[in-house]
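Thanks for making time this morning. I would like to walk you through one structure, going from its helices to its side-chain pairs and then to the chain as a whole.

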Amino acid sequence: MKKVKIFLASSIEDLREDRLQVGDFFRQLNEIYLDSGVHFSLVKCEDYDNSIAAGGKQQEYDREIRESELVFFLFFRKVGDYTRHEFEVALDAFKD
């Protein structure tokens, strides 16, 4: 089975409902592609314990971004500092 890891980045507060809908979309894709041997693994901030992590939670997100085949960013009215940082991490990983 081919696993496609996807990181979904966005403002935590403003776009929660949108992230849930994107998650539903990838669950539907998994059902469609099951017989093809492809599985989409969506990683988003809700998947993590929000307690303090050694080295900081952002470092965990950065690692997940670097390990992903695809990274999606959701924007609405503004781009927060963390989302901008995650975009830069993804861009650097793409360039490498």
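Before I start, a word on vocabulary: I call a residue buried when its relative accessible area is under 20%, exposed when that value is over 50%, and partly exposed in between. Please also keep in mind that what you are looking at is a predicted model.

With that in hand, let me take helix α3, which covers residues 81-95. Its buried residues are Thr83, Glu86, Val89 and Ala90, and when one looks down the axis of α3 these buried residues fall within an arc of 115°, so they line one face of the helix. On the face turned away from that buried side, α3 carries the exposed residues Asp81 and Lys95. The cover over the buried residues of α3 includes β1, α2 and β3. As for its length, the 15 residues of α3 should span 21 Å at 1.5 Å a residue, and its end C-alpha atoms are indeed 21 Å apart, so the two values agree.

Helix α1 can be described in the same terms. Helix α1 runs over residues 16-33, which makes 18 residues, and reaches 26 Å from its first C-alpha to its last, close to the 26 Å expected at 1.5 Å a residue. Buried in α1 are Arg19, Val22, Gly23, Phe26, Leu29 and Asn30; seen down the axis of α1, they fall within an arc of 115°, so these residues line one face of the helix. The exposed residues Glu31 and Ile32 sit on the face of α1 that is turned away from its buried side. Among the elements that cover the buried residues of α1 are β1, β2, which is residues 38-43, and β3, which is residues 70-73.

One of those buried residues, Phe26, brings me to the aromatic rings. The count of aromatic pairs comes to seven, and one of them is Phe26 with Phe40, a tilted pair with 5.9 Å from centre to centre and 50° between the planes. This pair links distant parts of the chain, with Phe26 in helix α1 and Phe40 in strand β2, 14 residues apart. Are these two residues buried or exposed? Both Phe26 and Phe40 are buried. Ring pairs also link Phe25, Phe26, Tyr33, Phe40 and Phe72 into a cluster.

Now to the charged side chains, where the count comes to five salt bridges. I will begin with Glu64 and Lys5, whose side chains meet in a salt bridge at 2.3 Å, N to O. Because Glu64 lies in helix α2, residues 57-67, and Lys5 in strand β1, residues 2-9, this pair ties together parts that are 59 residues apart in sequence. Both Glu64 and Lys5 are buried; for Lys5 the relative accessibility is 15%, and that is why Lys5 counts as buried.

Which other residue forms a salt bridge with Lys5? That residue is Glu67, with the closest N and O atoms 3.1 Å apart. Here again the pair links distant parts of the chain, since Lys5 is in strand β1 and Glu67 in helix α2, 62 residues apart. Glu67 has a relative accessibility of 42%, and therefore counts as partly exposed.

Glu67 has a further partner, in that the side chains of Arg63 and Glu67 meet in a salt bridge at 3.7 Å, N to O. Because Arg63 and Glu67 are four residues apart in helix α2, they are separated by about one helical turn. Arg63 is partly exposed, with a relative accessible area of 37%. Taken together, salt bridges that share partners join Lys5, Arg63, Glu64 and Glu67 into one network.

Let me finish with the chain as a whole. The protein chain has three helices and three strands, and, read along the sequence, these follow the pattern β-α-β-α-β-α. The radius of gyration is 14 Å, close to the 12 Å that the globule rule gives for 96 residues, so the protein chain is as compact as a globular protein of that length. Along its principal axes, the C-alpha trace spans about 40 × 30 × 25 Å. Of the 96 residues in the protein chain, 35% are buried. Finally, among contacts in the protein chain with a separation of 6 or more, 67% are accounted for by residues 24 or more positions apart.

How values were computed. Residues are numbered from 1 along each chain as its sequence is written. This is a predicted model: local features need pLDDT of at least 70, side-chain atom pairs count only at pLDDT 80 or more; totals for chains, interfaces and linings use all residues. Side-chain values use heavy atoms; hydrogens and water are left out. A salt bridge is a side-chain nitrogen of Lys or Arg within 4 Å of a carboxyl oxygen of Asp or Glu. Helices (H or I, at least four residues) and strands (E, at least two) are DSSP runs, numbered from the N terminus. Buried means under 20% relative accessible area, exposed over 50%, partly exposed in between (1.4 Å probe, protein chains only). The expected span of a helix is 1.5 Å times one less than its number of residues. The arc is that of the directions from the helix axis to the C-beta atoms. Contact means heavy atoms within 4.5 Å. Rings of Phe, Tyr and Trp (its six-membered ring) pair if their centres lie within 6.5 Å; planes under 30 degrees apart count as stacked, over 60 as edge-to-face and the rest as tilted. The radius of gyration is taken over C-alpha atoms; the globule rule is 2.2 Å times the number of residues to the power 0.38.
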